[in-house]
Amino acid sequence: MSDAKSRRSVRLRFSLLNLLTLTALIAVGTAINLAYRKNHLMVRQRDDLLSLSSQLKIDNKDELASSEMPSVASDFHSWNVHVPNGQAYELRLGMGAVSENGIPPIVGGVRISAGRHRVTLHAGDSPGEEFRYVVYVDGKQAIDKKMGSDWMPGGWSSASGISWPRQPNLSPAPLQLFSRSYTPRYDFGKGHHFNGQSDDYLTRMGYRLWIDHQDRTYPPTSPFVGFGHYPGYQGIGLRDGLRYRQSNRPPYEWTFTRPNLETNDPVLRVAAEFFFSDGTTLSSQTQSFQSWQLRNDASGESSLNWQVDPKQSVYSAFLQANHKSADVPQPVVEMKWDAGRPDEVGLRIAATPANDRISRWRLRILDGTKHLWRELQIGDRRIDADEAIDKSVTKTSDATVTLDLGQNVTEDIHLQWQTDETLPLQILERRQKRYAGMGLYEGLPLTLGIQIPSALKPTLTVNVVKEIPNALGNPLPGGAIFDEIQMDLEAVGDAWIWLQVKSKK
């Protein structure tokens, strides 16, 4: 009996000891966690207080450093700066064309000695002040630049800061104090508010204020985007022109954007179909088709890898069809951008054995109801959508009309199409109830076009609609629309098609 009591006593003491140890460990862990959190909070508060007090936090005395001072007025900005010993530095003001990867021309510079200084910028950025920018160092005027009231005659609607370019990597690194990229003001009449969208890679009027090595110069900025260090969503192509943007919804379409038309939405959507000599096809209905992949060359073996060269004026990228089955033909299409043709992108069947079995191909230009295409021009002939559908033999609300290109065409075919509206369609949709809910194009009014070599022996058809899509029985406001433009082409190598998107004058 006593042995049983002894064993129970040992177990009881053992359990109490464990409990006390666990409690102590929890208490110590909680104390450490609270101390860590308090220390982290105090470090953050210290950094915030240093920022508010405009004190410099210098991690390396051999590097440039700055701390922004509290603003006393919206058009005055000041910084405390640290300039290291050992090299000659210059405070620079650059103004003009600026972008996320572009440095504007230097319009003013002043030597800034080693040590601590206070730099102040006064930005009189309005036509009334003739866009005058004055820079002070330690209270003394150092740079005074006036761009003139005609620099942006209508002023600007919004402004945003832009980061210093990622490339090239420089040592010692420049220190940017301030930057602005201005969005111009668009005047479409009283009450017609236009809200545009773009990205920071777009070239606009603006400026940068920075400290740099005195002898440093910069090469011209490449007019292209699509290099390895750019985010993929910015697109591939011309920074201020047409760009290809990868689309996964739906994956068989080619999507092109043009942010300088004040929209990040597609300005052009193209669906391609390929017809092979054995009677098979590749289209949106091909179940084995997965996506279009960007490739660096016609072989399709390497991912896109453009190299930055400011002197290079032409770049190509390749689209290769990706299938679940390796036995299915994988067409490769070449896209080409030429800095001398900023409104256009070229397309052709790439010169590769993978395309040997293609006999014909088809391009379908989509989204007519989104853009309200009502005017179409072939050479000197102008056709409106209502006229085209009236001449059609069909009795339905939609009609497919073949365009007459004449006999024995020996010259390139030029086709243009656009809306008959003069205001941006986002204003139209917002202010006219009949267009409400149609999801119209959001950017500035545009004109689309295509140049097709006669060697491709094209057949052109247009799909004309009179009713709102997904709302059959409801007529389209303003009349019929060219909903889709279709081109059937022979698979002839080395024949470039040029698609064009430009601002409507």
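In what follows, two residues are in contact when they have heavy atoms within 4.5 Å of each other. With that in hand, welcome to this structure, which is a predicted model.

## A first look at the chain

The chain has 505 residues, and 46% of them count as buried. DSSP runs give four helices and 29 strands. The accessible surface comes to about 26200 Å², and carbon and sulfur atoms account for 48% of that area. Contacts often reach across the sequence: among those between residues at least 6 apart, 65% join residues at least 24 apart.

## How confident is the model?

Mean pLDDT for the chain is 87, with 89% of the residues at 70 or more. Where is confidence lowest, and where is it highest? The lowest mean, 61, belongs to helix α1 (residues 2-52), while the highest, 98, belongs to strand β6. Within residues 4-14 the pLDDT is below 50, and this stretch has zero contacts in the model beyond near neighbours in sequence. Another stretch, residues 49-53, also stays under 50, and here the model has five contacts beyond four places in sequence. Where pLDDT is low, the predicted coordinates should not be read in detail.

## An open sheet of five strands

A good place to start looking is the open sheet built from five strands in the order β1-β2-β5-β6-β7, with antiparallel pairing. Its edges are β1 (65-68) and β7 (140-146), each of which pairs on one side only. From one strand to the next, the twist averages 20 degrees. Strands of a sheet pair through backbone hydrogen bonds, either parallel or antiparallel.

Inside this sheet, β5 (residues 115-124) and β6 (residues 132-137) are joined by six bridges. To find the pairing by eye, look for V119, whose bridge partner in β6 is V137.

Further along the chain, strand β25 (residues 413-418) has antiparallel links to two other strands. Four bridges connect β25 with β22 (residues 375-378), and six bridges connect β25 with β26 (residues 446-452). As landmarks, E375 stands opposite Q418 in β25, and H414 stands opposite Q451 in β26.

The table sets out these three strand pairs.

| Strand pair | Residues | Bridges |
|---|---|---|
| β5 and β6 | 115-124 and 132-137 | six bridges |
| β22 and β25 | 375-378 and 413-418 | four bridges |
| β25 and β26 | β26: 446-452 | six bridges |

## Aromatic rings

The chain holds 25 aromatic pairs. One of them is formed by F224 and W306: their ring centres are 6.4 Å apart and their planes meet at 85 degrees, so the pair is edge-to-face. Because F224 sits in strand β11 (residues 224-225) and W306 in the loop between β17 (289-295) and β18 (314-323), this pair ties together parts that are 82 residues apart in sequence. Both F224 and W306 are buried.

W254 and W292 form another edge-to-face pair, with 5.5 Å from centre to centre and 70 degrees between the planes. This pair also links distant parts of the chain, as W254 belongs to strand β14 (residues 253-257) and W292 to strand β17, 38 residues apart. Are these two residues buried or exposed? W254 is buried, because its relative accessible area is 0%, and W292 at 3% counts as buried too.

Ring pairs also build a cluster, made of W79, F131, Y133, W151, W156, F178, Y182 and Y207.

## Two buried residues to visit

Which residues does S181 touch beyond its neighbours within four places in sequence? The contacts of S181 are S158, A159, S160, I162, R204, M205 and G206. S181 lies in strand β9 (residues 175-184). Its relative accessible area is 8%, and buried means under 20%, so S181 counts as buried.

K336 makes a good second stop, in strand β19 (residues 332-338). Why does K336 count as buried? Its relative accessibility is 19%, and the cut-off for buried is under 20%. Leaving aside its neighbours within four places, K336 is in contact with V314, Y315, S316, V345, G346, W496 and W498. One of these, Y315, is 21 residues away along the chain, yet the C-alpha atoms of K336 and Y315 are separated by 5.9 Å.

Terms used:
Residues are numbered from 1 along each chain as its sequence is written. This is a predicted model: local features need pLDDT of at least 70, side-chain atom pairs count only at pLDDT 80 or more; totals for chains, interfaces and linings use all residues. Side-chain values use heavy atoms; hydrogens and water are left out. Two strands pair if DSSP finds at least two bridges between them. Axes are lines fitted to C-alpha atoms, for helices over the stretch in contact, and angles run from 0 to 180 degrees between N-to-C directions. pLDDT is the predictor's confidence in each residue, from 0 to 100. Buried means under 20% relative accessible area, exposed over 50%, partly exposed in between (1.4 Å probe, protein chains only). Accessible areas come from the Shrake-Rupley method with a 1.4 Å probe; for residues, only the protein chains shown count as cover. Rings of Phe, Tyr and Trp (its six-membered ring) pair if their centres lie within 6.5 Å; planes under 30 degrees apart count as stacked, over 60 as edge-to-face and the rest as tilted.
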